[in-house]
Amino acid sequence: MLTEDPADYGQTVIAGPIRRARPNRVTKLMDTILHLGAHRTATSSFQAYLMAHRPYLLENRISYWGPSRTRKGLLTGVADRPRNAYEARRSAGRVQMNLASARRGQNELVLVSDENMMGSARVNYRRGSLYSDAGERMARICHAFKPVRRIILQIRSIDHWWSSAMGSLIPRGEPMPDALSLEAIARHPRSWRHVIADIACACPEAELIVVPFERFGGRPDRVAELALGRNDAPAASSTDFWYNRGPDKTQLCRSLERRGEDVSDFPTGEGRWSPFNDTQTAAMRETYADDLFWLQAGAEGLAKFREEPDPARPEDNLAAGQQQRGHEDERSAEKLARSG
């Protein structure tokens, strides 16, 4: 947005008396907000909410960049390790040119939402680890978008996250996990705490806000208010936006049958599929509980934790909320770029 600052009036020497020159037009810095997801945390539902409320965004001079824009070349080569310095400068320059265009359009804020910015769920599955290169990728993302004012990260109970991620990837060609893979994932030391620390260290100047899927999965309006720093986002109920849910047991079993796999040992019945046994599930839930406790204790100053989507409502017990079913969500067909 262009403004005129009285303190920026200059003086020009001409023949005759000194006169005030015409004011310089100073460009106000435009805020950039990054919504990272993560995958399987109702990200597509949040993006659908933003698309449904374009008039609100336009009225408040907010430019929204979702996957339909970021995955059509805008972020190609931005998050991935560049082959050389020229490629790195070119990728970052492309982002800055788009930001400059948004400023010329009188926008005061750009909100970017793409869960592939810090990595892909497919790479997580193949490595058996949560966003192992999130820090490296986010350092490049924040450099390209500098300055970044705020980052929003949504997290989810680790056992549910892995079950949902696997359930969405297996119908798209990934193999069923074997016993050794499941044990390695369940016992892996990396948790959301490490992902958060990596992002905070990679983007030290940005405010990092973390919200749990168990509370915010059905409230894209509250996520929008946290991201935008406003309290007037159009209201949305938990049933208004429900996109890209993962397959249940029956749907997943049919997918395996169609590709010719033996499903004689596949669990039957309705409901959500989970490949983990009780011991593995308990271990991952304990790790997630430790992450939440760390966040509630201040996260060592690295992030701000928001638990309650509606401050007017009495606070619920979070452990019980972790058992609730919610949005099963991921933009999977398109990829931001190669993730390693």
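**View 1. Isoleucine 33 of strand β5 has bridge partners in two strands, β7 and β8.** In this predicted model, isoleucine 33 is bridged to leucine 111 in β7. Arginine 150 is the bridge partner of isoleucine 33 in β8. Following the strands outward from this residue, β5 and β7 (residues 109-113) run parallel and are joined by five bridges. Three bridges link β5 to β8 (residues 150-155), and these two strands run parallel as well. A second place to look along the β5 and β8 pair is histidine 35, which stands opposite isoleucine 152 of β8. Strand β5 itself (residues 31-35) has four of its five residues buried, so the rest of the structure largely encloses it.

**View 2. Strand β8 is buried on both of its faces.** If you start with one side of β8, you find Arg150, Ile152 and Gln154, all buried. Turn to the other side and you meet Ile151, Leu153 and Ile155, which are buried too. Six of the six residues of β8 are therefore buried, and the strand is largely enclosed by the rest of the structure. Strand β8 also pairs with β9 (residues 207-212) in the parallel sense, over six bridges. Within that pair, isoleucine 152 stands opposite isoleucine 209 of β9. Isoleucine 152 is a handy landmark here, as histidine 35 stands opposite it too.

**View 3. Six strands line up in an open sheet with parallel pairing.** Reading across the sheet, the order is β6-β7-β5-β8-β9-β10. The edges belong to β6 (62-65) and β10; each has a single partner strand, so one side of each is left without a neighbour in the sheet. As a reminder of what holds such an arrangement together, the strands of a sheet pair through backbone hydrogen bonds, either parallel or antiparallel. At the β10 edge, two bridges join this strand to β9, and the two run parallel. To find the spot, look for valine 210, which stands opposite phenylalanine 305 in β10.

**View 4. Helices α1 and α4 lie across strands β5, β6 and β7.** Helix α1 (residues 43-52) runs at about 145 degrees to β7. Helix α4 (residues 85-104) runs at about 150 degrees to β6. Of these helices, α1 gets a closer look here: it is mostly covered, with eight of its ten residues buried. Those buried residues are Thr43, Ser44, Ser45, Phe46, Gln47, Ala48, Tyr49 and Leu50. They pack against strands β5, β6 and β7, and also against the helices α2 (54-59), α3 (67-74) and α11 (220-228).

**View 5. Helices α6 and α9 meet in a right-handed crossing.** The axes of α6 (residues 134-145) and α9 (residues 192-202) come within 8 Å and cross at roughly 30 degrees. Angles under 35 degrees count as roughly parallel, and α6 and α9 are therefore roughly parallel to each other. On the α6 side, the contact is made by Ala134, Gly135, Met138 and Ala139. On the α9 side, Val195, Asp198, Ile199 and Ala202 take part. Sorted by character, the residues of this contact are six nonpolar, one polar and one charged.

**View 6. Glutamate 300 is an exposed residue in the loop between α13 and β10.** The loop that holds glutamate 300 connects α13 (278-296) with β10 (304-305). With a relative accessible area of 60%, glutamate 300 is exposed. Leaving aside residues up to four places away in sequence, glutamate 300 touches Arg193 and Trp294. Its C-alpha atom is separated by 9.3 Å from that of alanine 197, although glutamate 300 and alanine 197 are 103 residues apart along the chain.

**View 7. Phenylalanine 213 is a buried residue in helix α10.** Helix α10 spans residues 213-216 and includes phenylalanine 213. This residue has a relative accessibility of 5% and therefore counts as buried. For a distant reference point in the sequence, try glutamate 307: it lies 94 residues from phenylalanine 213 along the chain, and the C-alpha atoms of the two are separated by 9.4 Å.

Definitions and conventions
Residues are numbered from 1 along each chain as its sequence is written. This is a predicted model: local features need pLDDT of at least 70, side-chain atom pairs count only at pLDDT 80 or more; totals for chains, interfaces and linings use all residues. Side-chain values use heavy atoms; hydrogens and water are left out. Axes are lines fitted to C-alpha atoms, for helices over the stretch in contact, and angles run from 0 to 180 degrees between N-to-C directions. Angles under 35 degrees count as roughly parallel, over 145 as roughly antiparallel, 65 to 115 as roughly perpendicular and the rest as oblique. A crossing is left-handed if the near helix is turned anticlockwise from the far one by less than a right angle, and right-handed if clockwise. Contact means heavy atoms within 4.5 Å. Ala, Val, Leu, Ile, Met, Phe, Trp, Tyr, Cys and Pro count as nonpolar, Asp, Glu, Lys and Arg as charged, and the others, Gly among them, as polar. Buried means under 20% relative accessible area, exposed over 50%, partly exposed in between (1.4 Å probe, protein chains only). Two strands pair if DSSP finds at least two bridges between them.
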